[in-house]
Amino acid sequence: MKTLIALNQQNLSRLPSDIARPTYDRGRLTTGIVHVGVGGFHRSHEAYYTDLLLESGDAPRWGICGVGLRDSDRRMATILKQQDYLYTLIVKRPDGAVETRVIGSIVDFLMGCDDPAAVIDRMAHPETKIVSLTITEGGYGADAATGEFDATHPDARHDIDHPLQPRQVFGYLTAALRKRREQGLPAFTVQSCDNIQHNGDLTRKMLLGFARLQDAELAEWIEREACFPNAMVDRITPVTVQSDIDYLRSEHNIDDQWPVVCEPFCQWIIEDRFSAGRPDWQNVGVHFVPDVTPYEKMKLRLLNAGHSVLGILGSVFGYQTIDECVGDDLFREYLQRFYDLEATPVLDAVEGVDLDDYKATLLGRFGNPNIRDNLARICLESSSKLPVFLIPTIRENLARGGSVRYAALVIAAWCYYSDKHADRHGQPLVVTDALKDCLHDAAKATREDRLSFLRIKLVFGDLANDERFAKTYTDMIDRVYRTADVTEHMQALMRDED
Ligand code: CS2
């Protein structure tokens, strides 16, 4: 047996010739970008685009320093450090073709919980121009009822009182911006890379909400000086599994402990507002626009909502992956109808995009059999996803008298899922959600009060008070609790429509 080549800087030249790798001098890079939340998505998206840019020419100011704030980031920190921050990106096409490239744009990694001062100093360093974030939809600390920064959260309270030992991202950003201001440096740009409508505006609002509680004058400076461009981010990136690691070992002789797998499609549309300069990402396919609103709305309401529709119905039915769902004509047709009848009528026109083509492309992307995006990934943290991906579509349809039945069945199936933690055969479903217990308790009470789940204000706001929706939802609950074979109900809804 051949000896495996451990992935690290020294071994780059020994990698098999068919593996693309950085040819730029990584030793020369300085870190213009600090990224908080280095998971699969950052590594298949921003770090990928930046690697392309570094490869294409002279952009040595734009190396990335990864940051983990929590202990759960330690594994990533340890593995990346061992590999000199290199990792392999495995791009899998639907036809089975695979492109493999070692990415070199991450050049350092700091753990905030070990050494907060190091993270603050790095963000405050004159070389840092952008602090980007992938902290998940639920990570922005907004109070679900008011939409303001939730200052009652224990970590937020801690951060207000301990400016130099923060726990949350806004504590770090504020401490670093304070330092920059004291040193006469320009504010960095805060670039959100999460799936939230107006992600930059939300980041700004939350950061200012936090900073005001600590230092009103500093908050004013941040408000004046820092930029928070909104952006639409897109690349389907499933969770890395052991077979991906094994594949690199057996096919390419490379020992990479945490590669990333993703689809070929990749999109990043950003509003061109940066306070301290930015990489020339436009040279490697990133689009800069004055207003990203229609693009982000389209993506959240079609791609992400489509994932949730298939993810929840598919999980209850007993499917494991998204491609399995769209491979089933019934699920595919259901999604298409949800798109056409409920999601699309409340979208705005998007310049240069034909929505029918966009939807067809999504079905093709979901169907990529080599991605095998697990429904468990799609369904995790649904309580912070659905309020962004699906519930706004319901609300807007209620306001215009449009159809809400396809979405209501999904919510009813999610109630069943949260109640039973099992699919229709009784096979356990793993639930990972910050509101897991609350969802479970409310769903359990469905027998006594069929609207109990819909009454969770943190997720649904006042949707239970809407008479039409409450009626439709109750009807769907009755169906799902009669039989959890959701395909029966999907079929019935489509039949009624014909
Ligand atoms: C998914 C997204 O989290 C989810 O539910 O819909 O992670 C999706 O795969 C990405 O946004 C694709 O760009």
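How far apart do the end C-alpha atoms of residues 32-282 lie, and how much of the span is helix and how much is strand? In this predicted model, the two end C-alpha atoms are 17 Å apart, and the span consists of 37% helix and 20% strand. UniProt, in an unreviewed entry, lists these residues as "domain: Mannitol dehydrogenase N-terminal".

A second annotated stretch follows along the chain. The unreviewed UniProt entry gives residues 291-479 as "domain: Mannitol dehydrogenase C-terminal". Here the chain is 65% helix and 0% strand, with 42 Å between the end C-alpha atoms.

The ligand can now be placed with respect to the domain assignment. Where does the ligand lie in relation to domain 1 (5-289) and domain 2 (293-497)? Both domains give residues to the shell around the ligand, and therefore the ligand lies between them.

This shell may be examined residue by residue. It comprises 13 residues, and the closest to the ligand are Asn 195, Asp 234, Lys 299, His 307 and Arg 377. Sorted by class, the shell holds five nonpolar, three polar and five charged residues. Several elements of secondary structure supply at least two shell residues each: strand 9 (231-234), helix 10 (293-317), helix 14 (375-379) and helix 15 (382-389). Helix 10 gives the most, contributing four residues.

Individual polar contacts add detail to this picture. The side chain of Asp 234 has an N or O atom 2.6 Å from an oxygen atom of the ligand. At Arg 235, a polar backbone atom is 2.9 Å from an oxygen atom of the ligand. The side chain of Arg 377 places an N or O atom 2.8 Å from a ligand oxygen atom. On its own, the ligand has 340 Å² of accessible area, of which the protein covers 93%.

Aromatic rings form a further set of contacts. The count comes to 17 aromatic pairs, with ring centres within 6.5 Å as the criterion. In one of them, Phe 149 and Phe 170 meet edge-to-face, with 6.1 Å from centre to centre and 85° between the planes. This pair links distant parts of the chain, as the two residues are 21 residues apart. Phe 149 belongs to the loop between strand 7 (130-133) and helix 5 (154-161), whereas Phe 170 is in helix 6 (residues 169-182).

Technical notes: Residues are numbered from 1 along each chain as its sequence is written. This is a predicted model: local features need pLDDT of at least 70, side-chain atom pairs count only at pLDDT 80 or more; totals for chains, interfaces and linings use all residues. Side-chain values use heavy atoms; hydrogens and water are left out. UniProt positions are given in the numbering used here, feature names are shortened, and annotations may be inferred rather than shown by experiment. A residue is near a molecule or strand if one of its heavy atoms lies within 4 Å of it. A polar contact is a pair of N or O atoms within 3.5 Å; within protein, one must be able to donate a hydrogen and the other to accept it, and residues adjacent in sequence count only if both atoms are side-chain atoms. Accessible areas come from the Shrake-Rupley method with a 1.4 Å probe; for residues, only the protein chains shown count as cover. Ala, Val, Leu, Ile, Met, Phe, Trp, Tyr, Cys and Pro count as nonpolar, Asp, Glu, Lys and Arg as charged, and the others, Gly among them, as polar. Domain bounds come from an automatic or database domain assignment. Rings of Phe, Tyr and Trp (its six-membered ring) pair if their centres lie within 6.5 Å; planes under 30 degrees apart count as stacked, over 60 as edge-to-face and the rest as tilted.
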